[in-house]
Amino acid sequence: MKKRWVAVIGTLSLVSGVLLGVFLTKKNAEIKYKELKERLAKFEDYFAIVNKWLKNRNQHISVADYFKNNHYEKIAIYGMGEIGKRLYEELCAEGIEVTAVFDRNAQRLDPSLNVYSIEGSVPEVDVVVITPTFDYDTIAEQLEKVVSCKIISISDVIMG
């Protein structure tokens, strides 16, 4: 009788372990799927921006035109990923002053870029352009605490 109970308990333990494993694997797969879906949306957004940017350049419409038309003379860029770098390069090439660069990882950037952390003192600028569009709301909320200028997304600049 005792052997039978040991076998039943062993079998129940095995079944519950397998079920728990299946549950955790499914949960992990759902988390991974959600992460991949968010990443895909981010890259689709970036592709649309870069595609429109290139179309504009092919039609001789410069990013600098946006800033000139809106009378923005001192520009700050938040986010120095690839899009931020390309924006910086194009503005500098067009003679637009990039007064400041903000990035969560400010310490990893070239200090000649006038790199600032939003936790420190912030220079006066006319506009801050946020390049990580996927996190625009959170970043804008943080920036509103330290700057008194207009805050826009790179999408506003490129897409119109």
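Which residues is leucine 91 in contact with, leaving aside its neighbours within four places in sequence? The legends below refer to a predicted model, and the first view takes up this question.

**View 1. Surroundings of leucine 91 in the largest nonpolar core.** With neighbours within four places in sequence left aside, leucine 91 is in contact with Val63, Ala64, Phe67, Ile75, Ile77, Ile96 and Val98. The largest nonpolar core holds 24 residues, and Phe67, Leu87 and Leu91 touch the most other members. At least two residues of this core come from each of α1, α2 (63–69), β1, α3, β2, β4 and α5 (154–159). Helix α3 gives the most to this core, with 4 residues. Another core, of 14 residues, lies apart from it; among its members are Ala100, Ile139, Val147 and Cys149. In soluble globular proteins, nonpolar side chains tend to be buried together.

**View 2. Strand β1 and its pairing with β2 and β4.** Strand β1 spans residues 74–78, and 4 of its 5 residues are buried, so the strand is mostly covered under the cut-off of 20% relative accessible area. Strand β2 (residues 97–102) pairs with β1 in the parallel sense over 5 bridges. In this pairing, alanine 76 stands opposite alanine 100 of β2. Strand β4 (residues 127–130) also runs parallel to β1 and is joined to it by 4 bridges. Here isoleucine 77 has valine 129 of β4 as its bridge partner.

**View 3. The β-α-β unit of β1, α3 and β2.** The unit is made by strand β1, helix α3 (residues 82–93) and strand β2, and it is right-handed. Each of these three elements supplies at least two residues of the largest nonpolar core.

**View 4. The salt bridge between arginine 57 and glutamate 90.** The model has 4 salt bridges by the rule used here. In one of them, arginine 57 pairs with glutamate 90, with 3.9 Å between the closest N and O atoms. This pair links distant parts of the chain, as arginine 57 is in helix α1 (residues 2–58) and glutamate 90 is in helix α3, 33 residues apart. Is each partner buried or exposed? Arginine 57 counts as exposed because its relative accessibility is 52%, and exposed means over 50%. Glutamate 90 counts as buried because its relative accessibility is 10%, and buried means under 20%.

**View 5. Salt bridges within helix α3.** Side chains of opposite charge can pair when their charged atoms come close. Glutamate 82 and lysine 85 form a salt bridge with an N to O distance of 3.7 Å. These two residues are separated by about one helical turn because they are 3 residues apart in helix α3. Lysine 85, at 31% relative accessibility, counts as partly exposed. The side chains of arginine 86 and glutamate 89 also meet in a salt bridge, at 2.9 Å from N to O. Arginine 86 is partly exposed, with a relative accessible area of 35%, and glutamate 89 counts as partly exposed at 43%. Both lie in helix α3, 3 residues apart, or about one turn of the helix. Glu82, Lys85, Arg86 and Glu89 are joined into one network by salt bridges that share partners.

Key: Residues are numbered from 1 along each chain as its sequence is written. This is a predicted model: local features need pLDDT of at least 70, side-chain atom pairs count only at pLDDT 80 or more; totals for chains, interfaces and linings use all residues. Side-chain values use heavy atoms; hydrogens and water are left out. Buried means under 20% relative accessible area, exposed over 50%, partly exposed in between (1.4 Å probe, protein chains only). Two strands pair if DSSP finds at least two bridges between them. A crossover is right-handed if, with the strands pointing away from the viewer, the path from the first strand over the helix to the second runs clockwise. A nonpolar core is a set of buried Ala, Val, Leu, Ile, Met, Phe, Trp, Tyr and Cys residues joined through side-chain atoms within 4.5 Å. Contact means heavy atoms within 4.5 Å.
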